[in-house]
Amino acid sequence: MGKALRIIGKIIKVLTIITSVLFVIYFWNLDQKLMAWLYTIVNKIFDRKRADIRF
């Protein structure tokens with residue numbers, strides 16, 4: 001019984017940590033900020049490439 005409670009306690013602790021991290025990411029909109037940063041880097045990379053457009 002004691003071993004099962006320890007396992008359940010660890011599972012609850014891990015789920016609480018995961019939920020807290022996801023809430024912080026959501027609250028400060030960190031996912032969109034990361035994507036905006038990546039978007040600017042990708043644009044810099046592709047703006048250097050020569051365009052090969054033929055119609």
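Here is a short chat about a predicted model of a protein.

Visitor: What does the secondary structure of the protein come to, in helices and strands?
Guide: One helix is α1, covering residues 2–27. Another is α2, covering residues 30–48. The full tally for the protein is 2 helices and 0 strands.

Visitor: How far does helix α1 reach from its first C-alpha to its last?
Guide: Helix α1 has 26 residues. At 1.5 Å a residue, you'd expect 38 Å. The model comes close to that, with a reach of 37 Å.

Visitor: What radius of gyration does the protein have?
Guide: Look at the C-alpha trace to begin with: along its principal axes it spans about 75 × 20 × 20 Å. A compact globule of 55 residues would have a radius of gyration near 10 Å. The protein's own value is 22 Å.

Visitor: What share of the 55 residues count as buried?
Guide: To count as buried, a residue needs under 20% relative accessible area. The protein exposes about 5900 Å², with carbon and sulfur atoms supplying 70% of that area. As for buried residues, their share is 0%.

Visitor: Which residue follows α1 with a positive phi?
Guide: Most residues other than glycine have a negative phi. The residue you're after sits in the loop between α1 and α2, and its phi is about 55° although it is not a glycine. That residue is N29.

Visitor: Is N29 partly exposed or exposed?
Guide: Exposed means over 50% relative accessible area, buried means under 20%, and partly exposed lies in between. N29 has 37% relative accessibility, so it counts as partly exposed.
 
Visitor: And F27, is that buried or exposed?
Guide: Here the cut-off to keep in mind is over 50%. F27 has 54% relative accessibility, so it counts as exposed.

Visitor: What kind of aromatic pair do F27 and W28 form?
Guide: The structure holds 2 aromatic pairs. In the one between F27 and W28, the rings are 5.5 Å apart centre to centre, with 80° between the planes. Planes over 60 degrees apart earn a particular label, so this pair is edge-to-face.

Visitor: Which residues do ring pairs link into a cluster?
Guide: You've already met F27 and W28 as an aromatic pair. Another ring joins them, that of F23. The cluster is F23, F27 and W28.

Visitor: Which residue's backbone oxygen does the side chain of K33 reach?
Guide: K33 lies in helix α2. Its C-alpha is separated by 19 Å from that of I45, 12 residues apart along the chain. The side chain of K33 reaches a backbone oxygen at 3.4 Å, and that oxygen belongs to W28.

Technical notes: Residues numbered from 1 in each chain as written. Heavy atoms only, no water. Helix = DSSP H or I, 4+ residues; strand = E, 2+ residues; numbered from the N terminus. Polar contact = N/O pair within 3.5 Å; in protein donor to acceptor, adjacent residues only side chain to side chain. Expected span 1.5 Å × (residues − 1). Buried < 20%, exposed > 50% of the residue type's maximum accessible area, 1.4 Å probe, protein only. Phe/Tyr/Trp six-rings, centres within 6.5 Å; stacked < 30°, edge-to-face > 60°. Rg over C-alpha atoms; globule rule 2.2 N^0.38 Å. Areas by Shrake-Rupley, 256 points an atom, 1.4 Å probe, with all protein chains shown as cover.
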